[in-house]
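Visitor: I would like a close look at a single part of this molecule, taken slowly and with its surroundings included. Please choose one helix and explain how it sits against the rest of the chain.

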Amino acid sequence: MLRTNLSTRPFYNERAVHALLGGIAVVVLAVSAWQVQRIVSLSRAKTEMNASIARDRNEINGLGAQAETVRRGLNPKDLKLVASEAKQANQLIAQRTFSWTALFNQLESTLPSDVMLLAIRPEIKDGRTNIVMEIQGRRTEDIVDFFDHLEKTRQFRDVTWSQETVTDDGLYRMTMNAVYVPQPEGRS
């Protein structure tokens, strides 16, 4: 038997090496194809976004020009008149929604028997309701008692009086001012 090796190179299993290299090539091609697809997709999205930004900028410029045209067309005197009339309308609406019943119920529950309410008028301004009352009583203490009762209700704040006079009948007459903060319905 012959024991010498007649081949010039040793025998390798080339099939396994080719299969491994082929698998790696397939994975590299798949990843490359996926990356190319992502690049194309993102490029398309960027193009659409740039077009949308350009449209929005054009619209902003157009609206700015329209606003400037409108501003130039406004007469400041007319604008001031409209603002004044809107403020007056809002005050009328606030007076319309003022609850006289709730106010009179509150006053009736706090008014002492020796004090008379001669006149009352609400002044609604900037969302704040001031109540001006003309009051007459036999003694100053009775009016002070009414004053204290109003403040204890927590619906009348900053109660002050002014113009204290004595009538020909010997009654004390005062003008009272208070900020009226009615409680919502259902609360006492």
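Guide: What follows is an account of helix α4 in this predicted model, and then of the elements around it.

To place the helix, it helps to start with the chain as a whole, whose secondary structure comes to four helices and four strands, arranged along the sequence in the pattern α-α-α-β-β-α-β-β. Of the 188 residues in the chain, 18% are buried, and the chain exposes about 15100 Å², with carbon and sulfur atoms supplying 56% of that area. Among the contacts with a separation of 6 or more, 53% are between residues 24 or more positions apart.

Helix α4 itself comprises the 13 residues 140–152, and a rise of 1.5 Å a residue leads one to expect a span of 18 Å, which agrees with the 19 Å found between its end C-alpha atoms. Its buried residues are D142, I143, F146, F147 and L150. Viewed down the axis of α4, these buried residues fall within an arc of 145 degrees, and therefore they line one face of the helix. The general background is that an α-helix has 3.6 residues a turn, so residues three or four places apart point the same way. On the other side of α4, by contrast, E141 and K152 are exposed. Just past the end of the helix, R154 adopts a positive phi of about 65 degrees.

What lies over the buried residues of α4 includes a helix, α3 (100–110), together with the strands β1 (115–125), β2 (128–137), β3 (156–166) and β4 (172–180). These four strands form an open sheet in the order β1-β2-β4-β3, with antiparallel pairing. The edge strands of the sheet are β1 and β3, each of which pairs on one side only. Neighbouring strands are turned against each other by 15 degrees on average, when direction is ignored.

Within that sheet, the antiparallel strands β1 and β2 are joined by 10 bridges, and M116 stands opposite Q136 of β2. The two strands form a hairpin with two residues between them, and in the turn D126 has a positive phi of about 55 degrees. On to the next pairing, β2 and β4 also run antiparallel and are joined by nine bridges, with E134 having T175 of β4 as its bridge partner.

The other helix in this neighbourhood, α3, lies across β1, β2, β3 and β4, and runs at about 140 degrees to β1. In α3 the buried residues are L103, Q106, L107 and T110. They cover an arc of only 95 degrees around the axis, so they sit on the same side of α3. The buried residues of α3 pack against α4 as well as against β1, β2, β3 and β4, whereas the face turned away from that buried side carries the exposed residues T101, E108 and S109.

Returning to the part you asked about, α4 can thus be read through two sets of residues: D142, I143, F146, F147 and L150, which are buried, and E141 and K152, which are exposed on the other side. The cover over the buried set includes α3 and the strands β1, β2, β3 and β4.

Methods:
Residues numbered from 1 in each chain as written. Predicted model: local features only at pLDDT ≥ 70, side-chain atom pairs only at ≥ 80, totals over all residues. Heavy atoms only, no water. Expected span 1.5 Å × (residues − 1). Buried < 20%, exposed > 50% of the residue type's maximum accessible area, 1.4 Å probe, protein only. Arc of directions from axis to C-beta. Contact = heavy atoms within 4.5 Å. Areas by Shrake-Rupley, 256 points an atom, 1.4 Å probe, with all protein chains shown as cover. Pairing = 2+ DSSP bridges. Axes fitted to C-alpha atoms, helices over the stretch in contact; angles between N-to-C directions.
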